[in-house]
Amino acid sequence: MISLPIASPFVVLVLATLAVALGLRRTAVLFWLLAAALMVYSFAGHVTDPLKIAL
Amino acid sequence: MAALARILNALALLGICGVMLYAFYWQIVRGELPCPLCLLQRAALLAAGLGFLLNVRFGASESHYGIVIVSALVGAVFATRQILLHIVPGTGAYGSAVAGYHLYTWALVAFMVLIAFAGVMLFIEAQFVEGVRDFRPTVGAQALGWLFVLVVLGNAVSTLLECGFGPCPDNPTGYELLQK
């Protein structure tokens, strides 16, 4: 997996909030979707070991 | 009822800003830097806040509440992962406890509250009558919106300084970009 900077979702969220400020609602929603995808991708890159939970 | 919904959305957005500023307090004043999972939970909370911001700025929409719910679900997964990493006695914990629970546990509570809140708000049908539109929010709503923008920007800058452009350490001790 390519490692993306973990700041990438935050940067995209900044763009989303600026889109809201500019009145670009659909653009903001698209940026949110991208941020969510980046979050999930970053999370997948960090889940490298199985959880050992005592039952 | 529509006016009540607008106020509740603004309060929810203010609440998220407050939580993020509290997180900054722990980071900057107490020196407890967020780990990668912590950062992802912050991002999810901000993503949920975007849903409320959209409601405040454009008027309420079911899709905006959908943004809140999906973001909170994603954040809940991140928080649950972090809880499970430390749930076995002796495996330690990350960060200090607040009122007996660590911040990632409180994060899960917050995400669950957000999901429940959005679900309840969807019952207020009067708020959807006017539909989404580009209108000029009140001065208070504008100020709140810009506060949220600043909080998101602050998190982006802080995360970049802490982790740089490469992988973030699991137990960060300093700001990567400031140490170079």
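The link between B:Cys163 and B:Cys168 is left-handed, with -40° about the S-S bond. I should say at once that the model under discussion is a predicted one. In this model the sulfur atoms of B:Cys163 and B:Cys168 are 1.9 Å apart, and both B:Cys163 and B:Cys168 are buried.

How many disulfides does the structure hold over all chains? The count is two. Besides the link just described, a disulfide is formed by B:Cys35 and B:Cys38, with a distance of 2.4 Å between their sulfur atoms. The link of B:Cys35 and B:Cys38 is right-handed, at 80° about the S-S bond. B:Cys35 and B:Cys38 are both buried. Counting bonded cysteines along the chain, the disulfides of chain B show the pattern 1-2, 3-4.

B:Cys17, by contrast, takes part in no disulfide. Which cysteine sulfur is nearest to that of B:Cys17? It is the sulfur of B:Cys38, at 20 Å. A disulfide requires sulfur atoms within 2.5 Å. As to solvent, B:Cys17 has a relative accessible area of 1% and is therefore buried, the cut-off being under 20%.

Let me turn to the helices of chain B. Helix α1 of chain B spans residues 2-29, and helix α4 of chain B spans residues 103-121. Their axes lie 12 Å apart, and the two helices pack at an angle of about 170°. Angles over 145 degrees count as roughly antiparallel, so α1(B) and α4(B) are roughly antiparallel to each other. Which residues make the contact? From α1(B) there are B:Ala5, B:Leu8, B:Asn9, B:Ala12, B:Ile16, B:Tyr22 and B:Trp26. From α4(B) there are B:Leu103, B:Leu114, B:Phe117 and B:Met121. Sorted by class, this contact of α1(B) with α4(B) comprises ten nonpolar residues and one polar residue, with no charged residues.

My last topic is a proline in chain A. A:Pro9 belongs to helix α1 of chain A, which covers residues 8-21. Is A:Pro9 buried or exposed? Its relative accessibility is 0%, so A:Pro9 counts as buried. What does A:Pro9 touch, leaving aside its neighbours within four places in sequence? Its contacts in chain A are A:Ala35, A:Leu38 and A:Met39, and in chain B there is B:Ala43. For A:Met39, a further value is available: its C-alpha atom is 6.0 Å from that of A:Pro9, although the two residues stand 30 residues apart along the chain.

Terms used. Residues are numbered from 1 along each chain as its sequence is written. Chains are lettered from A and ligands numbered from 1 in the order in which they are written. This is a predicted model: local features need pLDDT of at least 70, side-chain atom pairs count only at pLDDT 80 or more; totals for chains, interfaces and linings use all residues. Side-chain values use heavy atoms; hydrogens and water are left out. Axes are lines fitted to C-alpha atoms, for helices over the stretch in contact, and angles run from 0 to 180 degrees between N-to-C directions. Helices (H or I, at least four residues) and strands (E, at least two) are DSSP runs, numbered from the N terminus. Angles under 35 degrees count as roughly parallel, over 145 as roughly antiparallel, 65 to 115 as roughly perpendicular and the rest as oblique. Contact means heavy atoms within 4.5 Å. Ala, Val, Leu, Ile, Met, Phe, Trp, Tyr, Cys and Pro count as nonpolar, Asp, Glu, Lys and Arg as charged, and the others, Gly among them, as polar. Buried means under 20% relative accessible area, exposed over 50%, partly exposed in between (1.4 Å probe, protein chains only).
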